[in-house]
Amino acid sequence: MTGAMISIFIPEPVGQRIALNGGEPLDRLHLTLFFFGDASNLTEGTKRAILQTIRAIPDRFFPLDLSLKGTGRFDGKHEAGDAFYAKASSPALLQLREYLAHVFDSKGSAYSKDYAFNPHVTLAY
């Protein structure tokens with residue numbers, strides 16, 4: 001499965017400071033805002049709606065300041081085992097996600113609601 005998601009990639013200088021030996025490569029460190037499931041299951045209309053929504057994010061959300069404070073672990077529900085992560089903290093990030101969730105909900109663009117939003121950067125499995 002190739003998942004479809006909206007993510008914020010971590011700048012390389014930050015990634016170099018938080019990456020773990022044997023963990024996720026620097027170019028894969030990201031914070032997932034939304035997960036839409038298997039990309040092959042998305043209709044062309046849904047893909048267009050997602051892209052239009054991203055392109056129309058109001059300027060008030062940028063620049064987006066966030067802090068990485070603390071770590072945690074998700075218990076091995078991922079096929080690769082436990083996930084170790086850095087906790088992300090940002091009132092602006094939460095506001096951005098709330099805004100996008102409202103837009104996606106109003107357009108009927110289904111995203112995963114399996115878990116509560118827990119902003120984090122996965123460092124290793």
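# Close-up views of a predicted model

**View A. Strand S4 (residues 81–89) and S5 run antiparallel to each other, paired over 4 bridges.** This is a predicted model, and the other views come from it too. Within the pairing, Lys-87 has His-120 in S5 as its bridge partner. How many residues of strand S5 are buried? The count is 5 of the 5 in residues 120–124, so the strand is largely enclosed by the rest of the structure. If you like to follow side chains along a strand, remember that in a regular strand they alternate between the two faces of the sheet.

**View B. Glu-24 sits in the loop between H1 and strand S2 (30–38).** Is this glutamate buried or exposed? Glu-24 is buried, because its relative accessible area is 17% and the cut-off for buried is under 20%. Setting aside residues up to four places away in sequence, Glu-24 touches Leu-29, Thr-122, Leu-123, Ala-124 and Tyr-125. Strand S5 covers residues 120–124, so this view can be read alongside View A. For a sense of scale, look for Thr-43: 19 residues separate Glu-24 from Thr-43 in sequence, and their C-alpha atoms are 30 Å apart in space.

**View C. Ile-18 belongs to helix H1 (residues 12–18).** Which residues does Ile-18 contact, once neighbours within four places in sequence are left aside? They are Ile-10, Leu-29, Leu-68, Val-121 and Leu-123. Leu-29 and Leu-123 also turn up among the residues touched by Glu-24 in View B. Ala-86 is another one to find here: Ile-18 and Ala-86 are 68 residues apart along the chain, with 8.0 Å between their C-alpha atoms.

**View D. Ser-7 is part of strand S1.** Not counting residues up to four places away in sequence, Ser-7 touches His-30, Leu-31, Thr-32 and Leu-33. Strand S2 takes in residues 30–38, so that is the stretch to bring into frame. Between Ser-7 and Leu-33 there are 5.4 Å in space, C-alpha to C-alpha, and 26 residues in sequence.

**View E. The second largest pocket has a volume of about 180 Å³.** Its lining is made up of Ile-8, Phe-9, Ile-10, Pro-11, Val-14, Leu-64, Leu-66, Ser-67 and Leu-68. Two elements, strand S1 (3–9) and strand S3 (67–78), each give two or more residues to that lining. By residue type, the lining splits into 8 nonpolar, 1 polar and no charged. Ile-10 and Leu-68 may look familiar, as both are among the contacts of Ile-18 in View C.

**View F. Phe-62 and Pro-63 are joined by a cis peptide bond.** Here omega is about -5°. Most peptide bonds are trans. Pro-63 lies in the loop between H2 and S3, and Ile-57 is found in that loop too. With a relative accessible area of 15%, Ile-57 is buried. Leaving out residues up to four places away in sequence, Ile-57 touches Phe-62, Leu-96 and Leu-100. Val-103 is 46 residues from Ile-57 along the chain, and their C-alpha atoms are separated by 10 Å.

**View G. There are 4 salt bridges in the structure.** Side chains of opposite charge can pair when their charged atoms come close. Start with Lys-47 and Glu-44, a salt bridge whose closest N and O atoms are 3.4 Å apart. Why do these two line up along the helix? They are 3 residues apart in helix H2 (residues 44–55), so about one helical turn separates them. Lys-47 is partly exposed, at 32% relative accessible area.

**View H. Asp-105 and Lys-113 meet through their side chains in a salt bridge (3.3 Å, N to O).** Asp-105 is partly exposed, its relative accessible area being 42%, whereas Lys-113 is exposed, at 57%. Elsewhere, salt bridges that share partners link Arg-73, Asp-75 and Asp-82 into one network. In that network, the closest N and O atoms of the salt bridge between Asp-75 and Arg-73 are 2.9 Å apart. Arg-73 counts as partly exposed, at 46% relative accessibility.

Note on methods: Residues are numbered from 1 along each chain as its sequence is written. This is a predicted model: local features need pLDDT of at least 70, side-chain atom pairs count only at pLDDT 80 or more; totals for chains, interfaces and linings use all residues. Side-chain values use heavy atoms; hydrogens and water are left out. Buried means under 20% relative accessible area, exposed over 50%, partly exposed in between (1.4 Å probe, protein chains only). Contact means heavy atoms within 4.5 Å. On a 1 Å grid over the protein atoms alone, a cavity is a set of points where a 1.4 Å probe fits but cannot get out, and a pocket is an open set with protein on both sides within 12 Å along at least five of seven lines; lining residues have an atom within 4 Å of a point. Grid points are joined across faces, edges and corners, and a volume is the space filled by probe spheres set on the points. Ala, Val, Leu, Ile, Met, Phe, Trp, Tyr, Cys and Pro count as nonpolar, Asp, Glu, Lys and Arg as charged, and the others, Gly among them, as polar. Two strands pair if DSSP finds at least two bridges between them.
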